[in-house]
Amino acid sequence: MEEFKDLENLWKTSETKIPAKNDQISKIKNNRMKLKNNYTKGAILLVATGIFILILMTTFDAKILTTPIVSAMVIISLVCFLQAGLMFFTAKKISDIDETQTPASHLQQWLEFREFQKKLRHWNMPVYYILLSLALGVYMFELLKTVDLWKMLLAFAITYSWLLFAYFYLGKKEVKKQDAKMDGIISELKNLENQFN
């Protein structure tokens, strides 16, 4: 019995700490779900926008539905659908990251996803905004060609100011948020890897 007491005392006074892996794993899972949900919600919103534009097109008067207007609306819808498809694909890539792997392997999967995300941002954002801007320009020009020039210029100035604000401010802000989540995930995984090495 005394041997058991000695073992119990030794166990209680032990200074070896168990890695706090549960807390770190829950942070990783939380950031992962936030990233995935952002992509999924954004994709759903884009699909809804594309469908709304197509429905709106069918309600237009036949006099307004010129070939350039129809083409512009279809292109805007297609851009929305393509961007949504890309966002669904990205969300699936996040889902495919296997959390049951060792911390080193799990970290490697996130590093590969980050590289994919950087490459995607490099060409996707500019292409998306350029296509959207061109189609919107054709649509607005055709729709407003009968109004006074100053009204047309005002409409273009407001629309393109918003697009520039969305690209340079809101887009960059969202990128920073996503990078912060990715940095959190990668940092936590590096801590876990260090604890188990």
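1. Let me start with Leu-35, which counts as buried at 0% relative accessibility. This residue sits in helix H2. Please keep in mind throughout that the model is predicted. Setting aside neighbours within four places in sequence, Leu-35 is in contact with Ile-94, Trp-110, Gln-178, Lys-181, Met-182 and Ile-185. One of these partners, Ile-94, is 59 residues away from Leu-35 in sequence, yet the two are 8.0 Å apart in space, C-alpha to C-alpha.

2. Now for the overall plan. The chain has five helices and zero strands, so the pattern read along the sequence is α-α-α-α-α, with helices and strands taken as DSSP runs. Of its 197 residues, 34% count as buried. If you take contacts between residues at least 6 apart in sequence, 79% of them join residues at least 24 apart.

3. A word on confidence before going further. The mean pLDDT of the chain is 86, and 87% of the residues reach 70 or more. Among the elements, helix H1 (residues 2-13) has the lowest mean pLDDT, at 58, while H3 has the highest, at 95. Over residues 15-20 the pLDDT is below 50, and this stretch has three contacts in the model beyond near neighbours in sequence. I would read those two parts of the chain with their pLDDT values in view.

4. Which residues have the most contacts inside the largest nonpolar core? They are Leu-35, Met-73, Trp-110, Tyr-139 and Leu-189, in a core of 42 residues. The elements that each give two or more residues to this core are helix H2 (21-59), helix H3 (67-95), helix H4 (103-144) and helix H5 (149-196). H4 gives the most, with 12 residues.

5. Met-73 deserves a look of its own. Leaving aside neighbours within four places in sequence, Met-73 is in contact with Ile-53, Leu-56, Met-57, Phe-60 and Tyr-139. Tyr-139, like Met-73, is listed among the core residues with the most contacts.

6. Two arginines are worth checking on screen. Arg-32 lies in helix H2 and is buried, because its relative accessible area of 10% is under the 20% cut-off. Not counting residues up to four places away in sequence, Arg-32 touches Ile-94, Ser-95, Asp-96, Ile-97, Glu-99, Trp-110 and Ile-185. Ile-94, Trp-110 and Ile-185 also appear among the contacts of Leu-35.

7. The second is Arg-114, found in helix H4. Is Arg-114 buried or exposed? With a relative accessible area of 14%, Arg-114 is buried. Beyond neighbours within four places in sequence, Arg-114 is in contact with Asp-179, Met-182, Asp-183 and Ile-186. Met-182 is also one of the contacts of Leu-35.

8. Helix H4 has a point of geometry to note. At 1.5 Å a residue, its 42 residues should span 62 Å, and the end C-alpha atoms are 58 Å apart, which agrees. Along the way, H4 bends by about 35° at Arg-121.

9. On the record side, an unreviewed UniProt entry carries the annotation "transmembrane region" for residues 39-57, 69-89, 127-144 and 150-170. In the model, residues 39-57 are 100% helix and 0% strand, with end C-alpha atoms 27 Å apart. Residues 150-170 are likewise 100% helix and 0% strand, and there the end C-alpha atoms are 28 Å apart.

10. Finally, two exposed residues in helix H3. Leu-82 lies in this helix, and it is exposed, because its relative accessible area of 63% is over the 50% cut-off. The C-alpha atoms of Leu-82 and Val-47 are separated by 9.0 Å, although the two are 35 residues apart along the chain. Thr-67 also has its place in helix H3 and is exposed, with a relative accessible area of 61%. Its C-alpha atom is separated by 9.5 Å from that of Glu-142, a residue 75 places away along the chain.

How values were computed
Residues are numbered from 1 along each chain as its sequence is written. This is a predicted model: local features need pLDDT of at least 70, side-chain atom pairs count only at pLDDT 80 or more; totals for chains, interfaces and linings use all residues. Side-chain values use heavy atoms; hydrogens and water are left out. A nonpolar core is a set of buried Ala, Val, Leu, Ile, Met, Phe, Trp, Tyr and Cys residues joined through side-chain atoms within 4.5 Å. Buried means under 20% relative accessible area, exposed over 50%, partly exposed in between (1.4 Å probe, protein chains only). Helices (H or I, at least four residues) and strands (E, at least two) are DSSP runs, numbered from the N terminus. Contact means heavy atoms within 4.5 Å. UniProt positions are given in the numbering used here, feature names are shortened, and annotations may be inferred rather than shown by experiment. The expected span of a helix is 1.5 Å times one less than its number of residues. The bend at a residue is the angle between axes fitted to the seven residues ending there and the seven starting there. pLDDT is the predictor's confidence in each residue, from 0 to 100.
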